[in-house]
Amino acid sequence: MDELIQKLKDIVKNSNRIVAFTGAGISSESGIPTYRGTGGLWSKYDPAIYANIDFFLRDSAYYWNFFRDERYPMLKQAKPNAAYYALVKLENLGKMYHVITQNIDGLHQIAGQSDVIELHGSTRKILCMCCGRTFSMDEIYKKLEHELPPKCSCGGNLKPSTVLFGEPLPQHALDEATLAAKNCDMFLVLGSSLVVYPAASLPEIAKREDAKLVIVNIDPTPLDDIADLVIHDSVSKVLSKVI
Ligand SMILES: [Zn+2]
């Protein structure tokens, strides 16, 4: 283990344009439950209903109940762990190029990271589907006391800025992420199983452009074979030793 940590330290030391790519494995250590698997959120709430754009557009009240009872309390409670602060430190050292995340919990920003590409949007930002006005989570939570589903002052329907099933990923975020992967000198995967698109393709792009590819994830990933370094361990444990 110590040898792997030392190897990672060396790669970080020699890199100046690091891209960190984060997935569920980094936020699960902050108390954000994973979606799939036993005990996951999707075993209690059917994603075909709770995270599907068609159902949402038909009747969003069920979603906002879920938001009030599950999502909001969980996000209010979650605090960034050591891994998030390690990445902020890299940014302060001038080594961080971009953070790309598959997560929608906004924990990178709470930790103080300034440059975060959110591939799947954020639960903390809610949009009016009519006029585009944005609301914070807290504003919506208050609205929900007397209004279900909540509405914008213009009368428009509200929607979290997250990408639901049936919706495309935001193109500008995808473009930024692809560009970051092309121009980085180290691509650091943290807590992603790299099975969902575009998670699977970004590390390959970076590798093709001669970046060092490092994967830190509890379980093996399909890209372990092409990585320069693979560590199967907890993300916060590894990063707090390295940075
Ligand atoms: Zn509006």
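At 72% relative accessibility, Asp-210 counts as exposed, and this residue has a positive phi of about 75° although it is not a glycine. The structure is a predicted model. Its strands include six that form an open, parallel sheet, and its second largest pocket encloses about 190 Å³ of space. The points below treat the sheet, the loops and the pocket in turn.

**The sheet and a helix across it**

- The open sheet has the strand order S3-S2-S1-S7-S8-S9, with parallel pairing.
- Its edges are formed by S3 and by strand S9 (229-231), each of which pairs on one side only.
- From one strand to the next, the twist averages 15°.
- Strand S1 (residues 18-22) and strand S2 (residues 96-101) run parallel and are joined by five bridges.
- Within this pair of strands, Phe-21 stands opposite Ile-100 in S2.
- In general, the strands of a sheet pair through backbone hydrogen bonds, in either a parallel or an antiparallel manner.
- Helix H1 (residues 2-13) lies across S1, S7, S8 and S9. The helix runs at about 130° to S9.

**Residues with positive phi**

- Asp-210 is located in the loop between H11 and strand S8 (212-216).
- Leu-194 also is not a glycine, yet has a positive phi, of about 55°.
- Leu-194 belongs to the loop between S7 and H11.
- With a relative accessible area of 2%, Leu-194 is buried, whereas Asp-210 is exposed at 72%.

**Cis peptide bonds**

- Leu-148 and Pro-149 are joined by a cis peptide bond with an omega of about -10°.
- Pro-149 is found in the loop that lies between helix H9 (137-143) and strand S6 (158-160).
- A cis peptide bond also joins Tyr-197 and Pro-198, where omega is about 5°.
- Pro-198 sits in the loop between strand S7 (186-190) and helix H11 (202-208); Leu-194 lies in the loop between S7 and H11 as well.

**The second largest pocket**

- The space in this pocket amounts to about 190 Å³.
- Strand S3 (116-118) and helix H10 (171-183) each contribute at least two residues to the lining.
- Among the lining residues are Val-116, Ile-117 and Glu-118, together with His-172, Ala-173 and Glu-176.
- The lining also includes Gly-121, Ser-122, Lys-125, Ser-161 and Pro-170.
- By character, the lining residues divide into four nonpolar, four polar and three charged.
- S3, which supplies part of this lining, is an edge strand of the sheet.

Conventions
Residues numbered from 1 in each chain as written. Predicted model: local features only at pLDDT ≥ 70, side-chain atom pairs only at ≥ 80, totals over all residues. Heavy atoms only, no water. 1 Å grid on protein atoms, 1.4 Å probe; cavity = no way out; pocket = protein on both sides within 12 Å on 5 of 7 lines; lining within 4 Å. Points joined across faces, edges and corners; volume = space filled by probe spheres on them. Helix = DSSP H or I, 4+ residues; strand = E, 2+ residues; numbered from the N terminus. Nonpolar A, V, L, I, M, F, W, Y, C, P; charged D, E, K, R; others polar. Buried < 20%, exposed > 50% of the residue type's maximum accessible area, 1.4 Å probe, protein only. Pairing = 2+ DSSP bridges. Axes fitted to C-alpha atoms, helices over the stretch in contact; angles between N-to-C directions. Contact = heavy atoms within 4.5 Å.
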